[in-house]
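Dear colleague,

Please find below the structure that I agreed to hand over, followed by an account of what was found in it. I would be grateful if you would read the notes with the model open beside them.

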Amino acid sequence: NRYVAIKAPIDGVPKESDFELMNQKFSLSIKRGSKEIIIKNLYVSIDPYHVNQMKTTGALGRTIVPGEVINSYGVGKVIASGNPRFAKGDYVVGNISWGEYSISKGFFLRKLDPMGLPLSYHIGVLGLSGLTAYAGFFDICKPKRGETVFVSAASGSVGNLVGQYAKQLGCYVVGCAGSPKKVKLLKEKLGFDEAFNYKEDTDLNSALQRYFPNGIDIYFDNVGAQMLEAAISNMNLYGRVAVCGAISEYTDSEKHAKLDMLSIIYKRIIIQGFITHDYMNLFPEFVSKTVDYILVGKIHVLEDVLIGIESVPSAFVGVFHGNNVGKRIVKIADD
Ligand code: NDP
């Protein structure tokens with residue numbers, strides 16, 4: 001079994017040379033009496049948050065250990081099972097690993113009905129990225145038709161879906177992203193009302209004043225730091241901010257948002273962080289609505305798929321340079 005591991009803790013922006021491909025002896029059969037499942041990994045998810053667990057001091061005490069297997073969301077096929085919930089041949093989605101095979105006790109893993117859709121969809125648009133966008137936007141931001149919505153990292157896996165859900169609801173939506181190509185995609189393919197390149201429009205406050213002459217009602221934050229500061233300065237009375245991620249802070253320990261507290265108080269702004277795992281109760285509702293949207297073409301599925309276990313380090317490193325458009329996935333093997 002080949003799997004990807006870190007060589008040592010990573011503080012700062014990850015590089016491909018921080019990773020190595022390990023090879024372990026691996027039995028493809030289950031020991032008698034074991035409740036374990038052996039999974040052939042088909043698609044694995046690439047998520048920026050992993051970098052927080054690769055640091056010398058892992059986020060919230062959860063650390064990825066050098067040389068050891070890295071857990072990740074993904075889709076696979078059961079090749080042997082001692083667990084009554086899973087049978088050989090079942091597709092599964094949930095906690096697998098950045099490797100060719102995974103051993104699981106069934107924790108945070110469920111049987112997958114692909115519903116006639118590509119397996120990779122169940123990682124991104126119908127997986128945790130989709131649920132993050134859905135729960136964060138609808139549950140935390142409590143949007144109403146006609147409200148103004150700003151989304152950062154808008155061409156990323158979560159951001160593009162937040163924008164598309166917001167358009168379905170009838171909001172005015174502006175996204176920011178890191179290249180002219182991404183800006184064009186947001187406006188021309190995904191239906192955003194406006195989009196701007198934050199690497200060119202570096203005066204973020206003026207950019208937001210220009211795109212939101214009447215202020216922002218909802219900010220869905222994926223990046224933190226200066227983008228959050230500028231958004232707060234342009235929020236309306238009773239504005240809501242869903243703090244989903246802070247990718248610009250993950251790799252730079254000096255970078256933090258300096259918030260204008262008086263503005264937050266007088267404008268009665270609600271700022272709420274959230275973790276998607278707390279919203280698994282919304283999963284059935286989220287999947288059913290999102291599948292409908294996909295089938296009638298109201299949600300455009302944006303995927304960025306690299307091939308082979310060897311691609312995992314470059315796929316991961318690339319998200320910190322904006323190389324991905326939509327959900328970044330590595331296809332490990334054919335079904
Ligand atoms: P993606 O991997 O799809 O996209 C990341 C994008 O962020 C990149 O493509 C890049 O696009 C942008 N980016 C990278 N570095 C910076 C930077 N320094 N400043 C501004 N933008 C940057 O990410 P996801 O959509 O999967 O995740 C988005 C955010 O949501 C992340 O912060 C992630 O950690 C968080 N998250 C939180 C969850 C939760 O439970 N709270 C669950 C899932 C994700 P560009 O070209 O625009 O720079």
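Which residue in S9 is the bridge partner of Phe150? The partner is Val174. Please bear in mind throughout that this is a predicted model.

**The sheet**

The pair of strands to which this bridge belongs is S8, residues 148–151, and S9, residues 172–177. These two strands run parallel and are joined by four bridges. They belong to an open sheet of six strands, whose order is S10-S9-S8-S11-S12-S13 and whose pairing is parallel. At the edges of the sheet are S10 (194–197) and S13 (270–273), each of which pairs on one side only. From one strand to the next, the twist averages 15°.

Two helices that lie across strands of this sheet deserve mention. H4, residues 180–188, lies across S9 and S10, and runs at about 175° to S10. H2 lies across S11 (216–221), S12 (235–243) and S13, and its direction is at about 150° to S12.

**Helix H2 and the residue that follows**

H2 covers residues 128–140 and is mostly covered, with twelve of its 13 residues buried. Among the buried residues are Leu128, Tyr134, Phe137, Phe138 and Ile140, and also the small residues Gly130 and Ala133.

After H2 comes Lys142, which is found in the loop between H2 and S8. Although Lys142 is not a glycine, its phi is positive, at about 45°. Lys142 counts as partly exposed because it has 13 C-beta neighbours inside 10 Å.

A second residue with a positive phi is Met115, which is not a glycine either; its phi is near 55°. Met115 lies in the loop between S7 (109–111) and H2. Is Met115 buried or exposed? Met115 has 12 C-beta neighbours inside 10 Å and therefore counts as exposed.

**The surroundings of the ligand**

How many residues surround the ligand? There are 30, and the closest are Gly156, Gly178, Gly245, Ser248 and Gly322. The elements that give two or more residues to this shell are H2, H3 (157–169) and H7 (247–250). Of the elements, H3 gives the most, with three residues. By class, the shell is made up of 13 nonpolar, 14 polar and three charged residues.

**Two individual residues**

Tyr73 has its place in S4, residues 71–81. Why does Tyr73 count as buried? The reason is that 21 other C-beta atoms lie within 10 Å, whereas 20 are enough for a residue to be called buried. Leaving aside neighbours within four places in sequence, Tyr73 is in contact with Ser45, Gly94, Asn95, Ile123, Gly127 and Leu128. Of these contacts, Leu128 is one of the buried residues of H2. By way of a long-range distance, the C-alpha atoms of Tyr73 and Tyr238 are separated by 35 Å, and the two residues are 165 apart along the chain.

Asp260 lies in the loop between H7 and H8 (261–266). Because Asp260 has 15 C-beta neighbours inside 10 Å, it counts as partly exposed. If residues up to four places away in sequence are not counted, Asp260 touches Ile232 and Ser233. Ser233 is 27 residues from Asp260 along the chain, and their C-alpha atoms are separated by 7.3 Å.

**The chain as a whole**

The secondary structure of the chain comes to ten helices and 15 strands. The radius of gyration is 20 Å, close to the 20 Å that the globule rule gives for 335 residues, so the chain is as compact as a globular protein of that length. Along the principal axes, the C-alpha trace spans about 65 × 45 × 35 Å. Of the 335 residues, 46% count as buried. Among contacts between residues at least 6 apart in sequence, 66% join residues at least 24 apart.

Yours sincerely

Conventions: Residues are numbered from 1 along each chain as its sequence is written. This is a predicted model: local features need pLDDT of at least 70, side-chain atom pairs count only at pLDDT 80 or more; totals for chains, interfaces and linings use all residues. A residue is near a molecule or strand if its C-beta atom, placed from the backbone, lies within 6 Å of it. Ala, Val, Leu, Ile, Met, Phe, Trp, Tyr, Cys and Pro count as nonpolar, Asp, Glu, Lys and Arg as charged, and the others, Gly among them, as polar. Two strands pair if DSSP finds at least two bridges between them. Axes are lines fitted to C-alpha atoms, for helices over the stretch in contact, and angles run from 0 to 180 degrees between N-to-C directions. Two residues are in contact if their C-beta atoms, placed from the backbone, lie within 7 Å. The radius of gyration is taken over C-alpha atoms; the globule rule is 2.2 Å times the number of residues to the power 0.38.
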